[in-house]
Amino acid sequence: MYPLRRNRRLRTTETIRSLVRETIISPNDFLVPLFVVEGKGVKEEIASMPNYYRYSLDLLAKEVKELWNLGLKSVLLFVKVPENLKDNSGTEALNAEGLMQRAIKTVKDAVPEMLVMTDVALDPYSIFGHDGIVSEGKILNDDTTAVLAEMALSHAKAGADFVAPSDMMDGRIFEMRTLLEDEGFHDTGIMSYSAKYASAFYGPFRDALDSAPVDKKDIPKNKNTYQMDPANREEAIKETLMDIQEGADIVMVKPGLCYLDIVRDIRNTVDVPVAVYQVSGEYAMIKAAAEKGWLDHDAVVLEQTTAIKRAGAQIIASYFAKDVAKLLF
Ligand code: PBG
């Protein structure tokens, strides 16, 4: 009771504050999303993601060496697929010599110890910009999961350590785990986007990969029939527990900031590591406000990533990973 207890005593100097600090972020916590394109010597800035780039394979090798030297030891790969290779069935996604498969090998050749995770979903490969096969205005579930399992196997064969399905079809974790086991890939892990919401914060990412749902007759204009309703909390637990039963090694909540209540619920419920994806729109908002001089970029970045960890994330996928690593150095 006051004045016997004065909480400010524990805040008087930075030394005492650091002694009693509950949450410490470090480069070990981060997973770095990377966008890959065809070509040579390509480093293109993404218009809606200032200071974030798409790399061709030669410059990807250079970038991952730099990340490793900053203490960033895990990457999450996404590819921008040339328009002429897109279709409605993910054919190119299974190409053993496709861009993703070559990107995996490029990273492993450049930094063998780097943990390589790969995005598994059809949207970058889809002429319709959907995460699954589209038929008569619907996204087919089971036809899609069969392709996704083959895609995961193809990434495992190319050397991926973890596959990361971001599609939200039902049963995809089971299909993937079963095929990986059958084919002898017992050590290939699955990080499942378990509670992935139908969010308006993915816009800049869809610019980066040119993967937004197309505006065509009979094609759903959004992903609401597979991604979760932002209004739902209980459902996130159900999705996540099912993914763990089906064989997910790591579960993920996405986006970050608006969903930290979900992160804590899940952390309190599950016995596997919980990841959070601080998504492209969250990145873009901070960049835009900082450019205008309205927010202190570095301070906000450290505050948000610390908040994500405090909420319960053991792994943070973030476009700010490199900034954070440099700030903590
Ligand atoms: C699609 C996918 C998306 C993201 C990762 N994988 C976007 C979407 O669902 O449309 C978003 C990541 C971000 O916004 O940073 N499979």
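Here are a few questions and answers about this predicted model, its ligand and some of its backbone and ring geometry.

Q: Which residues come nearest to the ligand?
A: Happy to start at the binding site, where 17 residues surround the ligand. By class, this shell has eight nonpolar, three polar and six charged residues. Those that come nearest are Arg206, Lys223, Lys254, Ser280 and Tyr319.

Q: What percentage of the ligand's accessible area does the protein cover?
A: Let's look at some polar contacts before turning to the cover. A nitrogen atom of the ligand lies 3.0 Å from a polar side-chain atom of aspartate 123, and a ligand nitrogen is 2.8 Å from a side-chain N or O atom of serine 166. For serine 280, a side-chain N or O atom is 2.7 Å from an oxygen atom of the ligand. On its own the ligand has 400 Å² of accessible area, and the protein covers 100%.

Q: Which cavity does the ligand take up?
A: For this one, we compare the space taken by the ligand with the cavities of the protein. That space is the largest cavity.

Q: Why does the pair of phenylalanine 35 and tyrosine 319 count as stacked, edge-to-face or tilted?
A: A pair of aromatic rings is described by the distance of the centres and the angle of the planes. The model has 13 aromatic pairs. In the one formed by phenylalanine 35 and tyrosine 319, the ring centres are 5.9 Å apart and the planes meet at 20°. Planes under 30 degrees apart count as stacked, so this pair is stacked.

Q: How many residues apart in sequence are the parts that this pair ties together?
A: Phenylalanine 35 belongs to strand β1 (residues 30–36). Tyrosine 319 is in the loop between β12 (315–318) and α11 (321–328). The pair therefore ties together parts whose separation in sequence is 284 residues.

Q: Which proline in the loop between β10 (250–254) and α8 (260–269) follows a cis peptide bond?
A: Most residues other than glycine have a negative phi, and most peptide bonds are trans. A cis bond joins tyrosine 2 and proline 3, with omega about 5°, and proline 3 lies in the segment before α1 (14–20). Another cis bond runs from lysine 254, with omega near -5°. The residue in that loop is proline 255.

Q: What is the phi of asparagine 51?
A: Asparagine 51 sits in strand β3 (residues 49–55). Its phi is positive, in a residue other than glycine, and lies near 65°.

Methods:
Residues are numbered from 1 along each chain as its sequence is written. This is a predicted model: local features need pLDDT of at least 70, side-chain atom pairs count only at pLDDT 80 or more; totals for chains, interfaces and linings use all residues. Side-chain values use heavy atoms; hydrogens and water are left out. A residue is near a molecule or strand if one of its heavy atoms lies within 4 Å of it. A polar contact is a pair of N or O atoms within 3.5 Å; within protein, one must be able to donate a hydrogen and the other to accept it, and residues adjacent in sequence count only if both atoms are side-chain atoms. Accessible areas come from the Shrake-Rupley method with a 1.4 Å probe; for residues, only the protein chains shown count as cover. On a 1 Å grid over the protein atoms alone, a cavity is a set of points where a 1.4 Å probe fits but cannot get out, and a pocket is an open set with protein on both sides within 12 Å along at least five of seven lines; lining residues have an atom within 4 Å of a point. A molecule sits in a cavity or pocket if more than half of its atoms lie within 2 Å of its grid points. Ala, Val, Leu, Ile, Met, Phe, Trp, Tyr, Cys and Pro count as nonpolar, Asp, Glu, Lys and Arg as charged, and the others, Gly among them, as polar. Rings of Phe, Tyr and Trp (its six-membered ring) pair if their centres lie within 6.5 Å; planes under 30 degrees apart count as stacked, over 60 as edge-to-face and the rest as tilted. Helices (H or I, at least four residues) and strands (E, at least two) are DSSP runs, numbered from the N terminus.
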